[in-house]
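Please open the model in your viewer and keep the selection tool at hand. The stops below are meant to be visited in order.

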Amino acid sequence: MIKALRGMKDTLEPQNQKYLYFIEKCTQIVNRYGFEFISTPILEDTALFKRSVGESSDIVSKEMYQFIDKGDNDICLRPEGTAGVVRSFVENKLDRVGGIHKFYYHGPMFRYERPQKGRFRQFHQFGVESFGVSSYLEDVLIIKMAKDILDTFGINYTILINYLGCDVCMPPFKEKLVTFLDTQEDLCEDCQKRKRTNPIRVFDCKNSNCQELLKPAPRLNQNFCENCKSDFSEILKLLDKADISYQVDSNLVRGLDYYSKTAFEFVSSDLGAQNAVAGGGRYDKLVEYLGGRKTPSIGFAIGIERILEMIELPKKKRDGYYFGALCDEAVDAVFKEANKKRVASSVTMGYSVKNLKAHLKAADRQNARYCAIIGEDELLNKEIWIKDLSEKSEMKESFE
Ligand code: HAM
C-alpha cells in the first residue's frame, strides 16, 4: 500500500470542518482590521528564501524541499508565507503606489523537520502582513489582532515579546556579542556556526550547556539606541493600557533572519514541546532587500494544526433536508422534489428504497433538520410527508 509521506497527513472530517470554521472566523476578524486576501504560489525561486529567511537559518540550511525542475530552475516548496507575499508586493509594484497595504493568506507550508507532535513537514498557516506603517502603534495593533483571534477560540496562551534593535544598535551589539562568544570555547557546534552567520541566534539555542554559558553574555535590551529604547518601552506601555498581558523574553530572537525591532510569539501550555501557536514581528528592511522601495512592514502567522488541536467545534445545528422514497414508484418524484428544494436549502437523498424508520435514521445521521418522505399514499395525494427532526413535528407539503 502506498502511504502518505512522513510528516504529511490527510485531513478528513471533523478536522476539515474545524479548518473551515477557523478560516471563516479569522477572515471576519482580519477584515475588521482592513486586511485583504492574497494568494501566492506554493513553489518559489529558492533564492527568495535564501535572501529573506536567511541562508544561515535552520529553515533554509536544513529544512527546505528544494529541487531543480525540468527547466533547470532551482526552486522550492515555500517554508513560510512572508517571503512570497513580499515578493508579490514588490513584483506588483505596490511599493511604488505608496500608502498602506494589508494582506492575509492561508495555506500549506513545507519544512523538512523531524516530525513529532505538533510538528509536520506539511503544515498550514494563517498569516497576515501589513505594509507601509512605521509607527509602533501598528505593532500593538497587530499583536491585538492575533490576540483577538486566539481569544475568539478561547485559547490559553502567553505572549512573549522582545525587541531586536535596528541598524543603529544592532551592528555594534553583534560585534560585542561575538567578542564575548569568542571567549566561550564550549559552545555547541551550531552556536559556533551562528557566531559567524547570525550571532543573536545563539540565544535561541536549546542546548542547556550553551544557555548556561550565555548567562553573562551582553543582552540586546541593555544595548538599545535611544529610539529603540523609547519605542520598545512605548509598545509595552500601550500593551499595558490595552490590558494585554505579556512576558518580555530577551532570548526570543525568532528563527527567521528578516526580523528587526518587535518580535513576538504566542505560546500555549496546552500544546506539547512545540508550544508556539503563532509568531511574528517587524521586518522593515525586507521589501528593500527584495528589490523594492523601503517599506516598513510587520506580520505574524498562526500554525493552523496547532491551534486546531485546541479548538472545539460548536455543535452544528440541524440543517436542510433529507429525502427518501418508500417504494420504487416514488423514486422519480423524490429525485425531482429534492432538486427543487436544493435551490434554497441543502439537500441529501437516500438512493435506495427503505422503510420509514431507516430513512429517519439516515436523516438523523446527516444532521438534517427535515426528513422528507414520498411513498404510495403521498404519490396518490401529491404530497410530501415531512418530519421536523428538531421540533419533532410532522407536516405535509403538496407537489405538482
Ligand atoms: P514561524 O514562527 O516560523 O513564523 O511560523 C509560524 C507558526 O507556524 C508557528 O508559531 C507554528 O505554530 C507554525 N509552525 C511552524 N513550523 C511548523 C511545523 N513544522 N509544523 C506545524 N506547525 C508549524 C513564520 O513562518 C513567519 N512567516 C511569520 C510571520 C509573518 N512573520 C511576519 N509575518
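The tour passes through aromatic pairs, a charge over a ring, and two buried polar residues.

This is a predicted model, in which local features need pLDDT of at least 70 and side-chain atom pairs count only at pLDDT 80 or more, while totals for chains, interfaces and linings use all residues. Residues are numbered from 1 along each chain as its sequence is written, and side-chain values use heavy atoms, with hydrogens and water left out.

**Aromatic pairs**

A pair of aromatic rings is described by the distance of the centres and the angle of the planes. Here rings of Phe, Tyr and Trp (its six-membered ring) pair if their centres lie within 6.5 Å; planes under 30 degrees apart count as stacked, over 60 as edge-to-face and the rest as tilted. By this rule there are 20 aromatic pairs.

Select Tyr21 and Phe153: the ring centres are 5.9 Å apart and the planes stand at 80 degrees, so the pair is edge-to-face. Tyr21 belongs to helix α1 (residues 15-32) and Phe153 to the loop between α6 (136-152) and β7 (158-163), so the pair ties together parts 132 residues apart in sequence. Helices (H or I, at least four residues) and strands (E, at least two) are DSSP runs, numbered from the N terminus. Phe153 has a relative accessible area of 9% and is therefore buried; buried means under 20%, exposed over 50%, and partly exposed in between (1.4 Å probe, protein chains only). Now add Phe22, Phe37, Tyr104 and Phe126, which ring pairs link with Tyr21 and Phe153 into a cluster.

**A charge over a ring**

Select Arg121 next; it lies over the face of Tyr112, at 3.8 Å from the ring centre. The rule requires NZ of Lys or CZ of Arg within 6 Å of the ring centre and within 35 degrees of the ring normal.

**Two buried polar residues**

Which strand holds Gln125? Gln125 is found in strand β6 (residues 122-131), and its relative accessibility of 9% makes it buried. Among the residues that Gln125 contacts (heavy atoms within 4.5 Å), not counting those up to four places away in sequence, are Glu80, Tyr105, His106, Arg111 and Ile304.

Finally, select Arg219 in the loop between α9 (208-213) and α10 (226-241). Arg219 is buried yet has no salt bridge, that is, no side-chain nitrogen of Lys or Arg within 4 Å of a carboxyl oxygen of Asp or Glu. The nearest side chain of opposite charge, Asp249, is 6.6 Å away; Lys and Arg count as positive and Asp and Glu as negative, with His and the chain ends not counted.
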